[in-house]
Amino acid sequence: MEFRMIENMFSSEDPSIVEKIYSLDRNSIIEWMRKRDTAQMKVWQTGNDDIAVVIPTADVESERAKESMRIFSGAKIVMVESKGRFFNYARSVNKGLSVALESSPRWVVISNDDVHGIDNLKKLKDELSTSSKGMVLAKPSRYHSYKVSLIKVKPYFLKGMNFIGKFMKIPPAEVYSYLQTKYGAKLGVKTLTIIDSMIGLMRNFAGEVIDSFVNGGSFMVLNRRVINGKVFDETFINGYEDVYLSMKMRNDMEIVNFRINEERGASLGFGKLRFYRSFVNEVYLNYLLWG
């Protein structure tokens, strides 16, 4: 099938059309992901400091973007503006990192543009001044520094996820359980990436936990020494690039006493359509991890 046809399915606003992607073979899906077009990116930068902040945004003039710039005022700030259906978070971040490194900062913050400040930049600098880790995370919240598990989910638990997802209107639970049940085996999806806090104690009954680690999510800080080339895998489409990086960095990571908040789904939303699309990332992650 031509990549253009796959792209048209993926870009549809109808979840039933997006779903047709998963009827294809895994190799076709991954090859399309790798060869997707890249949206045009524009870069704005200001300041010069030992700490640089990379912020992907759809609009540098938006209130969210302006607030994120105020939060990190005093640091070198690199805003990467990109939008449209070919927006790719990993590619925007990698572009921003390449620009940020031109001033040789010691630390580079990767942040969404939907953050709300609690602690100030000085507090972050104080915490980083005593760290030598490759990745530094802020104090846990719902959207950063949270624990995830890779689980071989049992069929009965998938049925329960689907029922609860529908009843309680939790799109990721409803959509992922449905897609995994129908297409998971065919596409080689052995494990689902599940946020521990979303299932609580039910994690003990979900299935075999293959791995577990803390995910950076929407906010993370990288030491200059670990930034060599592209940090995020650009095959991922607006999801899971942070999971894969956090997984690889887990033994060179720490959480410091710095607090920041963010909104839920401010850029991509939190409806079913987002998760119908995002399941391609589960397919790709499983390919990387389990072959």
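These are my notebook entries on what I looked up in this structure, which is a predicted model.

**Entry 1: the sheet**

I began with the strands. Three of them form an open sheet, and I wrote down the order as β8-β7-β9. The pairing is antiparallel. Which strands stand at the edges? I found β8 (192-195) and β9 (207-217) there, each with a single partner strand, so one side of each is left without a neighbour in the sheet. On average, neighbouring strands of this sheet are turned by 30 degrees against each other, with direction ignored.

Next I looked at the pairing of β7 and β9. Strand β7 covers residues 144-153, and nine bridges join this strand to β9. I picked out one pair: I151 has V209, in β9, as its bridge partner.

**Entry 2: helices on the sheet**

I then asked which strands helix α11 touches. Helix α11 (residues 241-249) packs on the sheet and touches β7, β8 and β9. The direction of α11 makes about 100 degrees with that of β9. I also noted helix α12 (residues 272-290), which lies across β7, β8 and β9. For α12 I took down an angle of about 115 degrees to β8.

**Entry 3: the nonpolar cores**

I turned to the interior. In soluble globular proteins, nonpolar side chains tend to be buried together. Here the largest nonpolar core has 45 residues. The members that touch the most other members are I21, Y22, I29, L192, F279 and V280. Several elements supply at least two residues each, including α1 (3-11), α3 (26-34), α7 (155-167) and α8 (171-183). Strands β7 and β8 and helices α11 and α12 also each supply at least two. Which element gives the most to this core? I found that α12 does, with eight residues.

I followed L192 further. Leaving out residues up to four places away in sequence, L192 touches S149, L150, I151 and V153. Its other contacts are L158, Y176, Q180, F279 and E282. I151 is thus a contact of L192 and the bridge partner of V209.

Apart from the largest core lies another, of 24 residues. I listed A52, F87, L97 and I110 among its members.

**Entry 4: a phenylalanine outside**

I looked up F167, which is found in helix α7. Is F167 buried or exposed? Its relative accessibility is 64%, so F167 counts as exposed, the cut-off for exposed being over 50%. I also took the separation of F167 and W32, which are 135 residues apart along the chain. Their C-alpha atoms are separated by 34 Å.

**Entry 5: salt bridges**

How many salt bridges does a search of the whole structure find? I noted 16, and I looked at some of them one by one.

D126 and K122 meet through their side chains, at 3.1 Å from N to O. Both residues lie in helix α6 (residues 121-128), four residues apart, which is about one turn of the helix. D126 is partly exposed, with a relative accessible area of 39%, whereas K122 counts as exposed at 57%.

R250 forms a salt bridge with D211, and the closest N and O atoms are 2.7 Å apart. R250 lies in the loop between α11 and β11 (253-255) and D211 lies in strand β9, so this pair ties together parts that are 39 residues apart in sequence. R250 counts as partly exposed at 28% relative accessibility. D211 counts as buried at 16%.

R225 forms a salt bridge with D252, with 2.9 Å between the closest N and O atoms. This pair links distant parts of the chain, 27 residues apart. R225 is in the loop between β10 (219-223) and α11, and D252 is in the loop between α11 and β11. R225 counts as partly exposed, at 45% relative accessibility.

I also recorded a network: salt bridges that share partners join R91, K230 and E234.

**Entry 6: two serines with positive phi**

Last, I checked backbone angles. S104 has a positive phi of about 55 degrees although it is not a glycine. S104 lies in the loop between α5 (89-100) and β4 (107-111). S104 is exposed, with a relative accessible area of 58%.

Phi of S145 is also positive, near 55 degrees, and S145 is a residue other than glycine. The place of S145 is in strand β7. Is S145 buried or exposed? S145 has a relative accessible area of 4% and is buried.

Key:
Residues are numbered from 1 along each chain as its sequence is written. This is a predicted model: local features need pLDDT of at least 70, side-chain atom pairs count only at pLDDT 80 or more; totals for chains, interfaces and linings use all residues. Side-chain values use heavy atoms; hydrogens and water are left out. Two strands pair if DSSP finds at least two bridges between them. Axes are lines fitted to C-alpha atoms, for helices over the stretch in contact, and angles run from 0 to 180 degrees between N-to-C directions. Contact means heavy atoms within 4.5 Å. A nonpolar core is a set of buried Ala, Val, Leu, Ile, Met, Phe, Trp, Tyr and Cys residues joined through side-chain atoms within 4.5 Å. Buried means under 20% relative accessible area, exposed over 50%, partly exposed in between (1.4 Å probe, protein chains only). A salt bridge is a side-chain nitrogen of Lys or Arg within 4 Å of a carboxyl oxygen of Asp or Glu.
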